[in-house]
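Here are some short exercises to work through with the structure open beside you. Try each task before reading its solution.

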Amino acid sequence: MKNQINMANGLLKSLTKETAELIAQGEYEAPYNAFGFKDHSGRILHRVSAQNKKAISAYQKAEFRFVETIRDKNAFSDSKEDFRVMAQPSPITVREAVSETDVAVFWEQLHAYHKRDIFSASDIEELEYFLGSEYHDHMMKMYRRQQDRCFFLFFRRNGQDIGFTMPLIFTSEDGKCFIMEYCVYPEFRGNGTGRECAKALLNWAKEHGALYAELNYGSNIRRRHFWESVGFMENGADEWGEPLMILPPKENVPITIEILSDPEDWQLKKLENGFLKEIGETPSTEEKQEKLAQAIRDSKITFFMAKRGYRAVGMCSIAKCFSTFACADTGIFDDFYIEPAFRRKGVARMLAQAAQQWGRDNGIASLTVTCAPCDENMYQSLGFDTHLGRTFAYLC
């Protein structure tokens, strides 16, 4: 297959302009099965016998796409047969908006995207924010800063822009590329263009120091399916409760366990919302987040964070209470959550062992956990193997 394509590309170089025009108009009968030419849009086209299923499959794997069926002469006889015309899309590149004109065009396209694709008529207040000066000034400040900056990028093919994206790369943290906006213009959608643009963006991000990528998908099922086709997976929620997707990092980075020191840590809010989402609860409100922060300040609850470098990927907590039976403090083990992308890496055991050791060091007589029946074996394997009867509650 590779030799076929190389031969066709070699023939392409010898084409005259007149011959290429005849081919594009369908008035030229090419005598070779692997003959290659360019059409008016710059795509490389090859014809292959409709009977040659293996060759068609090979072209498809090489990302050639079916254009049309033509009737043409067989290379080894005067008879005619059906041929499939297969097209290889021109490569998609990424260019940064640098000039004032480019930046102005970027904002124009971003506003059109928000109005056309993101916000409905019922979201008028939210749309007004994204079209307003506050959002514009905030993003321009991130665009101009030197570190962990935001980029305004265009996708380009055949000499014209076909979409845009707005990623942030956190090089000072753990190399996360957060994709804030992503759009292929409507007239260029379909035939895998969106996925090709996504691949171009991810390659560009890697070249600029990104180690993995993350994004919000806004609970949009079609958007979720699209990013899943690129390799992303659902992975909890952000600090505002919006569902997240991640293209997991490939690098093996050691996991460490730390006791949370900052009650206002945004990563705690993020993990809490991921935990609540997984158990079917609504995201935490600002009022509840403040109450939790105050409980941490008052030492009523202690959080243990599993950190992969800078990123917190899991957590658990111990809430203390005095037991008259033990005449000592006991602890309730709760908030046990690990982001889906980082499970099956021993993080659960590391968190449980850290909490248990902290309990021993701080005079905690016992740790108890309440769980669903499906989780009983997991908790028993983590050392919670003493049965204390059933738990009943009165909800005040």
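**Exercise 1: Two helices that meet**

In this predicted model, L268, K269, E272 and N273 of α9 are in contact with Q289, L292 and I296 of α10. Work out how the axes of α9 and α10 are arranged.

Solution. Start with the axes: those of α9 and α10 (residues 286-297) approach within 12 Å and cross at roughly 120°. Angles from 65 to 115 degrees would count as roughly perpendicular and those over 145 as roughly antiparallel. The angle therefore makes α9 oblique to α10. Finally, add the hand: the crossing of α9 and α10 is right-handed.

**Exercise 2: Along α9**

Describe α9 from its cap to the residue that follows.

Solution. Begin at the N-terminal end, where D265 acts as the cap, with a side-chain oxygen 2.8 Å from the backbone nitrogen of Q267. Next, take the span: α9 covers residues 266-278 and reaches 19 Å from first to last C-alpha, close to the expected 18 Å. Then check burial: the buried residues of α9 include L268, L271, F275 and L276. After α9 comes G280, with a positive phi near 85°.

**Exercise 3: The setting of T193**

Is T193 buried or exposed, and what does T193 touch?

Solution. First, place the residue: T193 belongs to helix α7 (residues 193-207). Its relative accessibility is 5%, so T193 counts as buried, the cut-off being under 20%. Now look at polar partners: the T193 side chain reaches the backbone oxygen of G190 at 2.9 Å. Leaving aside residues up to four places away in sequence, T193 touches I92, R157, I162, V184 and F188.

Note on methods: Residues are numbered from 1 along each chain as its sequence is written. This is a predicted model: local features need pLDDT of at least 70, side-chain atom pairs count only at pLDDT 80 or more; totals for chains, interfaces and linings use all residues. Side-chain values use heavy atoms; hydrogens and water are left out. Helices (H or I, at least four residues) and strands (E, at least two) are DSSP runs, numbered from the N terminus. The expected span of a helix is 1.5 Å times one less than its number of residues. Buried means under 20% relative accessible area, exposed over 50%, partly exposed in between (1.4 Å probe, protein chains only). A polar contact is a pair of N or O atoms within 3.5 Å; within protein, one must be able to donate a hydrogen and the other to accept it, and residues adjacent in sequence count only if both atoms are side-chain atoms. Axes are lines fitted to C-alpha atoms, for helices over the stretch in contact, and angles run from 0 to 180 degrees between N-to-C directions. Angles under 35 degrees count as roughly parallel, over 145 as roughly antiparallel, 65 to 115 as roughly perpendicular and the rest as oblique. A crossing is left-handed if the near helix is turned anticlockwise from the far one by less than a right angle, and right-handed if clockwise. Contact means heavy atoms within 4.5 Å.
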